[in-house]
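Trainee: I should like to go through the reasoning behind the terms used for this structure. May we take them one at a time?

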Amino acid sequence: MDSPLPPRESARFVAERSRDVAVDGEGVRRVAELLLAASTGPALRVDGWRALHELNPRAADEAALGWVFVVDTLNFSFWAEQEERKCLVTYKGKAYSGYWSLCAAVNRALDEGIPITSASYYATVTLDQVRHIFRSDTDVPMPLMEDRHRVLNEAGRILLEKFGGSFLTCVRKSERSAQKLLHLIVENFPSYRDVTQFEGKRVAFYKRAQILVADTWSVLGGRGDGCFPDIASITMFADYRLPQVLAHLGALKYSEELLEKLHKGEMLLYGDKQEVEIRGCSLWCVELIRDCLLELIEKKSEKPTAEINSILLDYYLWDYARDHREDMKGIPFHRTRCIYY
């Protein structure tokens, strides 16, 4: 079987053939101008990952990498069927929803003495134990609990068999190449193989695999084992929140037919043409925003305080989406239940 197109090439291929989603050039420039104001602040620096998010690990060590691996193995499908009824996890007196409910649950488990970031533990953890660890403080459970149990067991077994139970071993095998680490993850861990078909081609967005590379870079501060000279080759992470914020900001345009489906709350299956178009165009859109932002910085004759890449733009826009959730209700996110995002 032919190898799938890599994420950037997949995105360009989809964007050039998309019918229900389009990248808007003027919108791309407007988002780049919005980001220009943030380009010298902490939000667009690698250390912002830790500084701006209280649940992320404080250390830059093997244990922190183990935390990142577990969280990104389970980093999928947090959207609530009804906005007013959602899974919430309270940690240190604060209630967290969505992706942060996962991080809060992992930290809560560690505080309770449950070794959830140890491969030897989660390789054999039971479904009942997983349900307890990721329990909600509301009557709405975290979605796809059986899938979370399955991929945890699978990832733990593979980590033990191939990497001595440590994700750091996998990172070191990459020899400080973001692309090599991406391929090691995708080749060895089946749940990370975010590949589908579009117009006769196999396309890959690798949302979770790319975010695992990005979070590895971030938790290690871009230093030591986390120093990847090719980190800019990693694209944004095509999920359901980023397309929503890009459409809200006018950088993506949806057809009337697609908008109607989204407003009705219709489910789009993973691999459906419109679902692939949403993800592919959003990924390509962020690539164009990055290029535009770099041009704007150059025109101002300013050097960015750190390398501007698609990872940092994704982190920023994802936080922007969370902070402006009420403003974005005019453009619903697309509803797809799967383990890939």
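Trainee: In which sense, left-handed or right-handed, does α4 pass α5?

Mentor: The model is a predicted one, and in it the crossing of α4 past α5 is right-handed.

Trainee: Why is α4 called oblique to α5?

Mentor: The two axes come within 10 Å and cross at roughly 135°. Angles over 145 degrees count as roughly antiparallel and 65 to 115 as roughly perpendicular. The value for α4 and α5 fits neither class, which makes α4 oblique to α5.

Trainee: What makes α4 oblique to α8?

Mentor: Helix α8, residues 145-163, packs with α4 at an angle of about 140°, the axes being 10 Å apart. Roughly antiparallel would require over 145 degrees, so α4 is oblique to α8. This crossing is right-handed.

Trainee: Why is α2 called oblique to α14?

Mentor: Helix α2 (residues 25-36) and helix α14 (residues 273-299) have axes 8 Å apart and an angle of about 55°. Roughly parallel means under 35 degrees, and roughly perpendicular begins at 65; α2 is therefore oblique to α14. Here too the handedness can be stated: α2 passes α14 in a right-handed crossing.

Trainee: Let us turn to the rings. How many aromatic pairs does a search of the whole structure find?

Mentor: The search gives 15 aromatic pairs.

Trainee: Why is the pair of Trp100 and Trp318 called edge-to-face?

Mentor: The ring centres are 6.1 Å apart, and a pair requires centres within 6.5 Å. The planes stand at 65°, and over 60 degrees counts as edge-to-face, so that is the class of this pair.

Trainee: Why is the pair of Trp100 and Trp318 said to tie together parts that are apart in sequence?

Mentor: Trp100 belongs to helix α5 (residues 98-111) and Trp318 to helix α15 (residues 310-323), so the pair joins parts 218 residues apart in sequence.

Trainee: What makes Trp100 count as buried?

Mentor: Its relative accessibility is 10%, and buried means under 20%, so Trp100 is buried.

Trainee: What makes the pair of Tyr240 and Phe333 tilted?

Mentor: The angle between the planes is 45°, with 5.6 Å from centre to centre. Stacked needs under 30 degrees and edge-to-face over 60, so the pair is tilted. Tyr240 lies in the loop between α11 (207-219) and α12 (241-248), Phe333 in the segment after α15, and the two are 93 residues apart. Both Tyr240 and Phe333 are buried.

Trainee: Which residues do ring pairs link into a cluster?

Mentor: The cluster consists of Phe69, Phe163, Phe167, Phe189 and Tyr192.

Trainee: How do you know that the charged end of Arg337 sits over the ring of Trp79?

Mentor: The distance to the ring centre is 3.7 Å, and the limit is 6 Å, with a further condition of 35 degrees from the ring normal. The charged end of Arg148 likewise sits over the ring of Phe76, 4.4 Å from its centre.

Trainee: What shows that side chains alternate along strand β4?

Mentor: In β4 (residues 195-198), Thr196 and Phe198 point to one face and are buried, whereas Val195 and Gln197 point to the other and are not buried. That agrees with the general rule: in a regular strand the side chains alternate between the two faces of the sheet.

Trainee: How do you know that β4 pairs with β5?

Mentor: Pairing needs at least two bridges, and 4 bridges join β4 to strand β5 (residues 201-204), the two running antiparallel. Thr196 stands opposite Val203 in β5. The two strands form a hairpin with 2 residues between them, and Glu199 in the turn has a positive phi of about 50°.

Trainee: Ser77 and Arg176 also have a positive phi. Why does Ser77 count as buried and Arg176 as partly exposed?

Mentor: Ser77, in the loop between α4 (62-73) and β2 (89-91), has a phi near 50°. Its relative accessibility is 0%, which is under 20%, so Ser77 is buried. Arg176, in the loop between α9 (167-173) and α10 (178-188), has a phi of about 60°. Its relative accessibility of 45% lies between 20% and 50%, so Arg176 is partly exposed.

Definitions and conventions
Residues numbered from 1 in each chain as written. Predicted model: local features only at pLDDT ≥ 70, side-chain atom pairs only at ≥ 80, totals over all residues. Heavy atoms only, no water. Phe/Tyr/Trp six-rings, centres within 6.5 Å; stacked < 30°, edge-to-face > 60°. Buried < 20%, exposed > 50% of the residue type's maximum accessible area, 1.4 Å probe, protein only. Axes fitted to C-alpha atoms, helices over the stretch in contact; angles between N-to-C directions. Left-handed = near helix turned anticlockwise from the far one by under 90°.
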